Amino acid sequence: MRSSLGVTAACTVLVVLLSGSAGAQANTPVPEAGVFEPLCTPTDPGLEELSGMVAVGDRFYAVGDSGNDEVVLKLDADCVVHNRIPVPIDPYDIEDLAYYDGSLILADIGDNLRTRETVAFITLDLESGSGSLHRATYPDGPHDAETVLVDRSGRVFVVTKELFGTSSIYTPAQGQAISALAEPGPTPLTRVGTLATGDGSSASMFTGGAVSGDGSMVALRNYSDVYLYRVGGEGIGAALTEGQPLRIPTPYQPQGESVTFTDAGDLVIGSESRGGELPPLYVLRGAAATLASQDGGAYVADISAGDHVGEEPSNAAAWGIVGGVVVVVVLLVGVGLFVRIRKRR
C-alpha cells in the first residue's frame, strides 16, 4: 500500500490488532474437520512480506505486496527458493497470485486508501517470462482487494477486503477469460453479489483465495480462518454468493495473507513475518475430503474466549480499539497528510 508515513503507521497498527487477535483463536483444532500442520519454514528474506502464493506441480510461486512485488519467487515443498522471476510489468500493489494455462496471474488490486481509478491483472508466462497488462475498473468506485480467483475457463473473480461490512465479488462484465481481456484496457467489471459466509456473520478482511485444480472448491482466507466453498455447475460466483462454506480456524500467523491448493488437494497457507522471524507455511491435508465430510452443510468451529492462548488481545478488545485507530487515521488525514500515488508505467 503506497501512502504517507502517518497513515501507513496507523493502518499498520490496525492490521496488527486484527491479525493478532484473530490468529490467537486459531490454535484450537476443529472437531471432525481436519487441522493444519507445519509444512516448512522459509529462510529467504524475499518471503518476509509473503502476500500471494500458488502451487504449480511440485513447486510454489510466491510474491510480496507493495514494495516487495517486483519479483516472483519459485520454491519447493521444503521452502527452498530455486528461482527469482522478474515481474515483466511495473506493478502498483500485487496482492495475490493465481495460475491459468501456463501463466501466473498477478492480481495488482491492492488499494488500501481506495484511490485507484483502475486495478490490473498482470500475466506472467512461466516459459518465456513475458507478460501482459489488463487494467480493469469497478462499476461503483474504488475498492481495496487482496483476493483473486480464476476458474477453469480462465474467468477472473475479485473478492474485496472490507474493514466493516461484508465483502463483494466482481468479475469482467462480459465474462471474458483472462486471455481475452483488453490489453491494456481497461475492462469494466460487474458486481456479482455479496459474499455468503454461511453462519450469518459479516466476515471480512479477506486476504487471499485459491481454486482447487479440478475447479470444485474455492478457499478464501482472512487473518483467522479459511472458508471452503463447493463449486457447482453455476460456477464460482454462485458458490460465493449462495454457498454454505466450511469455516476452519488457522494456526496463529503474524499476518496471514496467502493460500493455495496443491495438485493433491491439500491446502497450504502462508504469512508475512511482520518484522519478526519468517513464519512457517502450514498445510491442511485432504481439504476436499474435509469439506465433503460436512454433508453439504455449513460448519463453524465453536471457539470460546476460554480457548484463546498466548497474550494476544481478544476479538472484542481488538474491535474496541479499531474505532480509535480509525479516528486517528481520519485526524491524520485531516491535518494535511497526503497520499503519494506512483503512476503506473
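**A walk through a strand-rich chain**

Four helices and 21 strands make up this chain. Both kinds of element are DSSP runs, labelled H or I for helices of at least four residues and E for strands of at least two, and they are numbered from the N terminus. This is a predicted model, in which local features need pLDDT of at least 70 and side-chain atom pairs count only at pLDDT 80 or more, while totals for chains, interfaces and linings use all residues. Residues are numbered from 1 along each chain as its sequence is written, and side-chain values use heavy atoms, with hydrogens and water left out.

Let us begin with the chain as a whole. It has 345 residues, and 54% of them count as buried. Here, buried means under 20% relative accessible area, exposed means over 50%, and partly exposed is in between, using a 1.4 Å probe and protein chains only. The accessible surface of the chain comes to about 14000 Å², and carbon and sulfur atoms hold 52% of that area. Such areas come from the Shrake-Rupley method with a 1.4 Å probe, and for residues only the protein chains shown count as cover. Now think about contacts, meaning heavy atoms within 4.5 Å. Among contacts with a separation of 6 or more, 60% are between residues 24 or more positions apart.

Next, look inside. In soluble globular proteins, nonpolar side chains tend to be buried together. A nonpolar core is a set of buried Ala, Val, Leu, Ile, Met, Phe, Trp, Tyr and Cys residues joined through side-chain atoms within 4.5 Å. The largest one in this chain has 17 residues, and Ile-109, Phe-121 and Tyr-138 have the most contacts inside it. Two or more residues of this core come from each of E7, strand E8 (119–125), strand E10 (145–150) and E11. E10 gives the largest share, three residues. What does Ile-109 touch, apart from residues up to four places away in sequence? Its partners include Phe-121, Val-119, Ala-145 and Val-158, along with charged residues such as Asp-93 and Arg-116.

From Val-158 we can step across to a run of paired strands. Two strands pair if DSSP finds at least two bridges between them. E11 and E12 are antiparallel and share two bridges; Val-158 has Tyr-170 in E12 as its bridge partner. E12 also pairs with E13, again antiparallel, through five bridges, and here Thr-171 is matched with Thr-190 in E13. Is E12 mostly covered or mostly open? It is mostly covered, as five of its five residues are buried.

The loops around these strands are worth a visit too. Glu-162 sits in the loop between strand E11 (156–160) and strand E12 (168–172). Why does Glu-162 count as buried? Its relative accessibility is 14%. The side chain of Glu-162 makes a polar contact with the side chain of Thr-160, at 2.8 Å. A polar contact is a pair of N or O atoms within 3.5 Å; within protein, one must be able to donate a hydrogen and the other to accept it, and residues adjacent in sequence count only if both atoms are side-chain atoms. Beyond its neighbours within four places in sequence, Glu-162 is in contact with Arg-114, His-143, Ser-167, Ser-204 and Met-205.

Further along, the loop between E12 and strand E13 (187–194) holds Pro-184, and Pro-186 is found there as well. A cis peptide bond joins Glu-183 to Pro-184, with omega about 5°. Another cis peptide bond links Gly-185 and Pro-186, with omega about 15°.

Two other loop residues have a positive phi without being glycine. Cys-79, with phi near 70°, lies between strand E4 (71–75) and strand E5 (81–86). Asp-101, with phi near 55°, lies between strand E6 (96–100) and strand E7 (103–108). Cys-79 counts as buried because its relative accessibility is 2%, whereas Asp-101 counts as exposed, at 65%.

Our last stop is an open sheet of four strands, in the order E1-E20-E19-E18, with antiparallel pairing. Strand E1 (37–40) and strand E18 (255–261) are its edges, each pairing on one side only. On average, neighbouring strands of this sheet are turned by 35° against each other, direction ignored. Six antiparallel bridges join E18 to strand E19 (residues 267–272), and in one of the pairings Ser-258 has Gly-270 of E19 as its bridge partner.

Conventions: Axes are lines fitted to C-alpha atoms, for helices over the stretch in contact, and angles run from 0 to 180 degrees between N-to-C directions.
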